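This briefing sets out selected features of one structure, grouped by topic. Please read the points below with the sequence and the model at hand.

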Amino acid sequence: MRRTAEWYGGDDRNSYIHRAWMRRGLPADAFDGRPHIAMANTASDLTPCNAHLNEVSRSVADGIHQAGGIALNLPVVSLGETQVRPTAMLWRNMAAMAIEEMLRANPIDGVVLLGGCDKTIPALLMAAASVDIPAVVVPGGPMLTGTFRGVPLGCGTGVWQLSEEVRAGTMSAAEFVRSESSMIRSRGHCNTMGTASTMGLLAEVLGMTLPGIAGTPAPDSRLLEAAHATGVLAVELVDAERRPSQVLTRASFLNAIVALAALGGSTNAVVHLLAIAGRLGIELTQDDFDRVGSGVPLLVDLQPAGRFLMDDLYRAGGLHAVLREVRDLLDPAALTVTGQPLVSYLDDARVYDREVIRAREEPLQPEAGIAVLYGNLAPDGAVIKPSAASAHLLKHRGRAVVFETIEEFHAKIDDESLDIDENCVMVLKNCGPKGYPGMAEVGNMPLPPKVLRKGITDMVRISDARMSGTAYGTVVLHTSPEAAAGGPLALVQNGDMIELDVPARRLHVEVSDEEFARRRADWKPLEAPKRGWQKLYVDHVQQAHLGADLDFLVGASGAGIPRDSH
Ligand code: FES
């Protein structure tokens, strides 16, 4: 029996009330058992990357109606990555929880999930996985390539590069401001291989989209065509009773890890994929990213690891062309929402520009996936994206320059008297899930001006923070346990020697166990938030290596509702 039958199917007073309040233009046959499909829509003027989703949702609605369903707009919590403070990740779990509850509470048989900006697709997928009603994602798509000074300006990555030029004194502040409107050329999310692009593409690799839709630029009319087809598909999903738990399997997550490496995707995908898998009880660990992905070659020449941008990837053949290159590494059993395996959609894929999508035999880098490091500085692991790092720094030993907080970092980094050079290792504490709180994207600390002036653009940096998917550098992230949870990172001091050895997967600080014990006796935890969401979050957030979900949100509650108050 459909869920909506529980609301509308009877002839008693309760069914009367449920139907009557929905009859604002809906005909009587809207309640004859046809599927009601919500469009969980993260469109918001304050989430500029998703602002166009109202138009996209109209195409979805047309498709739902064409297939005989009822389309219902469901605005949900939206997170504008660049707008919300202190960091959007603080609310990924809140958005997921709110969306989950609204999907469960409302009379719907299925849902189309409309997202784009970084946290929105992860939150939607976490919610849909926990409710486990038929669901399909429409990724909002990337913006078109902007140009500045005659060359493409990648959104996000371009900002990092230009701001470093300003800090190095090679670009004026006025010219920097002039670049703003050049960078954001159209509707859509960031057009580098940042987190939004990564998660939109991985939503398709996981099997949760109409095959072929991911990566379609937001202003491209083919996105509306695919959105329409997704509406039709949503009705078919309800008819087939195909649920996220049938699509999101360990096989589909391992395929996503392969794709993440081949695409050169964001390190943020680690915490998002772990959190989505956690909602379904799928055994997925941080080590799976290294074991399955680290040997996969980087095939896509997109910023921040390379040169091009998302509409170049689409023009060059798109996601399917990339996946075809690594087809032998994909699990053929992993299904999509259509009921067909992902790999069955790759036969016709072609590469139209070998500059953008490399052949397997001529990769940009032979081994591109996330590496997971362990050692006395990271007992539960830390991650690094070697494809965004400098090869000469992947094995490095240097003197720690420690910043206890991001505020201390900002206060000191431009000070010419700061005792730091390019061989040092910058260490930032208290920016993890509990420490910031919200695990901010501050791990790619800007370099000190006196180092930049030498023409040096990278140093080893270590933190418990995340890094924007549009950023680059030899940046060790997600160090776990984090400093605020009493991890060894909290005990590192200025002058300690730190050894990074990515090939050996080692992150070690040359401090004896006795000295660590002495320092630990003096360590004091941060003052915890006292009320509201931040208190709930800090009390319950899990560490990065587990996906940074709240402990009580791990798992699923299904779609059932035991009580009705009418
Ligand atoms: Fe929205 Fe980058 S700010 S995707």
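A cavity here is a set of grid points where a 1.4 Å probe fits but cannot get out, and a lining residue has an atom within 4 Å of a point. The model is predicted. The points start with the enclosed space, move to the helix contacts and the pocket, and end with the strands.

**Largest cavity**

- The count comes to one cavity of 30 Å³ or more.
- The volume of the largest cavity is about 40 Å³.
- Its lining consists of Pro-139, Gly-141, Pro-142, His-189, Ala-196, Ser-197, Gly-200, Leu-201, Ala-214, Gly-215 and Met-310.
- Helix 9 supplies the largest share of this lining, with four residues.
- By class, six of the lining residues are nonpolar and five are polar, and there are no charged ones.

**Contacts of helix 9**

- Helix 9 (residues 195-205) packs with helix 16 at an angle of about 65 degrees, and their axes are 11 Å apart.
- The crossing of these two helices, helix 9 and helix 16, is right-handed.
- On the helix 9 side the contact is made by Leu-201, Glu-204 and Val-205, and on the helix 16 side by Leu-319, His-320 and Leu-323.
- The residues of this contact comprise four nonpolar, one polar and one charged.
- Helix 9 also packs with helix 5 (residues 120-131), here at an angle of about 35 degrees and with the axes 9 Å apart.
- In that contact, Ile-121, Pro-122 and Leu-125 of helix 5 meet Met-199, Gly-200 and Ala-203 of helix 9.
- Five nonpolar residues, one polar residue and no charged residues make up the contact of helix 5 with helix 9.
- Two residues of helix 9 recur across these topics: Leu-201 lines the largest cavity and takes part in the contact with helix 16, while Gly-200 lines the largest cavity and meets helix 5.

**Second largest pocket**

- The second largest pocket holds about 500 Å³ of space.
- It is lined by 24 residues, and the closest to its centre are Gly-212, Ile-213, Tyr-314, Gly-317 and His-320.
- Helix 10 (221-240), helix 15 (310-315) and helix 16 (318-325) are the elements that give two or more residues to this lining.
- Helix 16 gives the most, with four residues.
- The lining of this pocket has eleven nonpolar, five polar and eight charged residues.
- His-320 is thus named twice: among the residues closest to the centre of the pocket, and in the contact of helix 16 with helix 9.

**Four-stranded sheet**

- Four strands form an open sheet in the order 2-1-3-4, with parallel pairing.
- Strand 2 (70-75) and strand 4 (135-139) are at the edges with a single partner strand each, so one side of each has no neighbour in the sheet.
- On average, neighbouring strands of this sheet are turned by 20 degrees against each other, direction ignored.
- Strand 1 (residues 36-41) pairs with strand 2 in the parallel sense over six bridges, and Ala-38 has Leu-72 in strand 2 as its bridge partner.
- Helix 10 lies across strand 1, strand 3 (110-115) and strand 4, and runs at about 175 degrees to strand 4.

**Hairpin of strands 13 and 14**

- Strand 13 (residues 497-501) and strand 14 (residues 506-509) run antiparallel and are joined by four bridges.
- Asp-501 stands opposite Arg-506 of strand 14.
- The hairpin has four residues between the strands, and Arg-505 takes a positive phi near 60 degrees.

Note on methods:
Residues are numbered from 1 along each chain as its sequence is written. This is a predicted model: local features need pLDDT of at least 70, side-chain atom pairs count only at pLDDT 80 or more; totals for chains, interfaces and linings use all residues. Side-chain values use heavy atoms; hydrogens and water are left out. On a 1 Å grid over the protein atoms alone, a cavity is a set of points where a 1.4 Å probe fits but cannot get out, and a pocket is an open set with protein on both sides within 12 Å along at least five of seven lines; lining residues have an atom within 4 Å of a point. Grid points are joined across faces, edges and corners, and a volume is the space filled by probe spheres set on the points. Ala, Val, Leu, Ile, Met, Phe, Trp, Tyr, Cys and Pro count as nonpolar, Asp, Glu, Lys and Arg as charged, and the others, Gly among them, as polar. Two strands pair if DSSP finds at least two bridges between them. Axes are lines fitted to C-alpha atoms, for helices over the stretch in contact, and angles run from 0 to 180 degrees between N-to-C directions. Contact means heavy atoms within 4.5 Å. A crossing is left-handed if the near helix is turned anticlockwise from the far one by less than a right angle, and right-handed if clockwise.
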